[in-house]
Structure formats: C-alpha cells, structure tokens
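Visitor: I would like a close look at a single part of this protein, followed by how that part sits in the rest of the chain. Please take me through it step by step.

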Amino acid sequence: MSDLATVKDVSKTYRLGTVTVTALAGVSLAVERGEFLAVAGPSGSGKTTLLNLLGCLDRPTSGEIVIDGELASAMSPSRRAELRAGKLGFVFQTFNLLPVLTAWENVEYPLLLGRRRADVADRVRAALADVGLGDRARHRPSELSGGQQQRVAIARALVTDPALVLADEPTANLDSRTGQEIVDLMRRLNRERHTTFVFSTHDPRIMKAADRVVEISDGRLL
Ligand SMILES: Nc1ncnc2c1ncn2[C@@H]1O[C@H](COP(=O)(O)OP(=O)(O)OP(=O)(O)O)[C@@H](O)[C@H]1O
Ligand SMILES: [Mg+2]
C-alpha cells in the first residue's frame with residue numbers, strides 16, 4: 001500500500017531576533033494509510049511543529065511534505081488551505097471549539113467552509129452519534145464536560161471524511177480515564193472508517209493504543 005503522507009528530510013527553524021531556534025532537524029517519516037501512529041517526546045522536542053507541518057498549517061524551512069501524492073511543501077497558502085479543507089482534520093489539546101456555537105454548529109462548521117454539500121444535516125447528525133453525543137447537539141461548549149468537548153472536536157474533525165487526522169496531545173487536558181476513553185474512541189473510528197490518525201502524547205498509557213510509536217527528541221526522530 002502506498003504511504004498516505006511522507007516527510008522527507010524536513011527541518012524547521014524559527015528566527016527570533018538574532019537567535020535561531022531549530023525545532024526540527026532532518027526528520028523523515030512515512031505514514032501508512034490506515035495507520036494509528038503516535039509521536040512521543042518530551043516538552044519542546046518538536047511534536048507540535050511536526051504535526052503542524054503534516055497538517056499543512058505551516059511550511060518546512062527545508063525538505064518535502066507529501067500528502068496523498070501532493071507536494072504540500074511547495075504549495076501556495078491558498079492551495080494548502082484547500083488541501084486542509086479537503087483531506088485533513090484537526091484535534092487540539094484545548095479542544096478549540098467556538099464557544100458561542102452549539103455542538104451541532106461546531107460540527108457543521110467545516111462543512112459550510114468547503115464546497116456546498118446537500119447532506120449537511122445528515123452528516124452532522126451521524127458524526128455526533130458516532131462520538132456518543134446525539135443527545136447533546138444543542139449544548140454549548142461551556143455546557144459540556146472536557147471529555148464531551150473533545151468528542152465534539154473529534155466529530156468536527158471527522159465530519160468532512162478526511163484522509164488524515166492530526167491530534168496534538170488530545171488527552172493532555174483530560175483526567176486519565178477520560179483520556180483513555182478519547183484515545184479508544186479515536187482508535188474505534190480509525191478501525192471503522194479507515195481514517196489515518198497521527199497523534200502526539202507524553203502519556204505511555206495512551207501510546208499503548210498506537211500501531212506504532214515514533215519518538216522525537218531535540219527535533220530528531222530516534
Ligand atoms: N513560533 C515559534 N517561534 C520560535 N520557536 C518556536 C516556535 N514554535 C516552537 N518553537 C520552538 O521549537 C521547539 C519545538 O517546539 P514544539 O512546540 O514543536 O515542541 P513540543 O514537542 O510540541 O512541546 P510540548 O510537549 O511542550 O507541546 C521548542 O524549542 C520551541 O521553543
Ligand atoms: Mg506541543
């Protein structure tokens with residue numbers, strides 16, 4: 001099977017005044033279709049930087065990122081935005097739901113950004129049901145528990161049927177039991193829908209759910 005995403009000899013440096021910070025130094029990684037892949041490493045090791053590059057939210061300083069056969073690292077910002085809307089989904093550590101919108105409206109949101117679809121309501125209903133929140137559609141984020149908010153965020157990430165979901169420390173703001181439930185939910189959706197997941201974590205118990213764990217330290221894969 002062909003790889004869904006590849007990172008080839010990627011480096012990322014940030015310039016802050018006269019100081020150059022190397023966040024990634026020559027990282028290469030292939031993500032297989034259907035994989036449930038964990039990126040593990042201490043704080044500051046480059047996990048978020050790597051996920052942001054895979055998610056086409058940012059461009060590498062050097063090296064190549066290929067997503068589903070397309071050379072993302074060479075794209076203009078607007079083509080990268082199209083690629084994100086069409087093929088990628090995101091889950092964040094702090095959930096990042098829009099506070100004034102209900103769970104339904106948060107999940108609906110990415111469907112309204114892309115090309116018009118006829119089946120918006122059916123998709124939103126199915127996505128909320130898939131994460132076990134069919135009965136919370138009218139709740140705002142402040143009326144949901146942390147675990148429920150992250151479920152809404154997972155429904156929002158999956159409602160467009162992306163090929164790849166990037167989840168940056170999705171369990172870090174949850175107690176360990178709820179964190180385990182969230183990773184189990186992502187794992188089930190990965191198996192049922194064949195959606196590829198790349199997620200980062202510090203937590204060895206969460207890593208156990210992964211097909212494969214890649215370790216990063218000081219911007220390099222071990
Ligand atoms: N926008 C930026 N400008 C300057 N330096 C940055 C920027 N973003 C990240 N860095 C630096 O790059 C390195 C990697 O950061 P990154 O956020 O990828 O680490 P991380 O593994 O996600 O850490 P954490 O577990 O704390 O989230 C760090 O040394 C960080 O200080
Ligand atoms: Mg991070």
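Guide: Start with Asp161, which is exposed, because 12 other C-beta atoms lie within 10 Å of its own and a residue counts as exposed at 12 or fewer. The model is a predicted one. Asp161 sits in the loop between helix 5 and strand 7 (164-168). Its phi is positive, about 60°, although Asp161 is not a glycine.

On the other side of strand 7 comes Glu169, in the loop between strand 7 and helix 6 (176-193). Glu169 is also a residue other than glycine with a positive phi, in this case near 45°. Its surroundings are another matter: Glu169 counts as buried, because it has 21 C-beta neighbours inside 10 Å and the cut-off for buried is 20 or more.

Phe92 belongs to the picture through its contacts. This residue is found in the loop between strand 6 (88-91) and helix 3 (103-113). Leaving aside neighbours within four places in sequence, Phe92 is in contact with Ala153 and Asp168. Phe92 and Pro170 are 78 residues apart in sequence, yet their C-alpha atoms are 5.6 Å apart in space. Phe92 has 19 other C-beta atoms within 10 Å, so it is partly exposed.

Helix 5 (residues 146-158), which comes before the loop of Asp161, gives the most to the largest nonpolar core, with 6 residues. That core has 57 residues, and the members that touch the most others are Leu54, Val107, Leu128, Ala155, Leu166 and Val198. In soluble globular proteins, nonpolar side chains tend to be buried together. Leu128 shows what such a position involves: not counting residues up to four places away in sequence, Leu128 touches Ala103, Trp104, Val107, Leu133, Gly134, Ala137 and Ala155.

Leu128 also leads to helix 4 (residues 120-130), whose buried residues are Arg123, Val124, Ala127 and Leu128. These four lie on the same side of helix 4, because they cover an arc of only 125° around the axis. They pack against helix 3 and helix 5. The face turned away from this buried side carries the exposed residues Ala121 and Asp122. After helix 4 comes Gly132, with a positive phi near 80°.

A separate part of the chain surrounds ligand 1. The shell consists of Tyr14, Leu16, Val21, Ala23, Gly41, Ser43, Gly44, Ser45, Gly46, Lys47, Thr48 and Thr49. Strand 1 (3-16), strand 2 (19-32) and helix 1 (47-54) each give two or more residues to it. Helix 1 gives the most, with 3 residues. By type, the shell divides into 4 nonpolar, 7 polar and 1 charged.

Last, the protein as a whole. Its secondary structure comes to 7 helices and 10 strands. The radius of gyration is 17 Å, close to the 17 Å that the globule rule gives for 222 residues, so the protein is as compact as a globular protein of that length. Taken along the principal axes, its C-alpha atoms fill a box of roughly 50 × 40 × 40 Å. Of the 222 residues, 40% count as buried. Among contacts with a separation of 6 or more, 71% are between residues 24 or more positions apart.

Key: Residues are numbered from 1 along each chain as its sequence is written. Chains are lettered from A and ligands numbered from 1 in the order in which they are written. This is a predicted model: local features need pLDDT of at least 70, side-chain atom pairs count only at pLDDT 80 or more; totals for chains, interfaces and linings use all residues. A nonpolar core is a set of buried Ala, Val, Leu, Ile, Met, Phe, Trp, Tyr and Cys residues joined through C-beta atoms within 7 Å. Two residues are in contact if their C-beta atoms, placed from the backbone, lie within 7 Å. A residue is near a molecule or strand if its C-beta atom, placed from the backbone, lies within 6 Å of it. Ala, Val, Leu, Ile, Met, Phe, Trp, Tyr, Cys and Pro count as nonpolar, Asp, Glu, Lys and Arg as charged, and the others, Gly among them, as polar. The arc is that of the directions from the helix axis to the C-beta atoms. The radius of gyration is taken over C-alpha atoms; the globule rule is 2.2 Å times the number of residues to the power 0.38.
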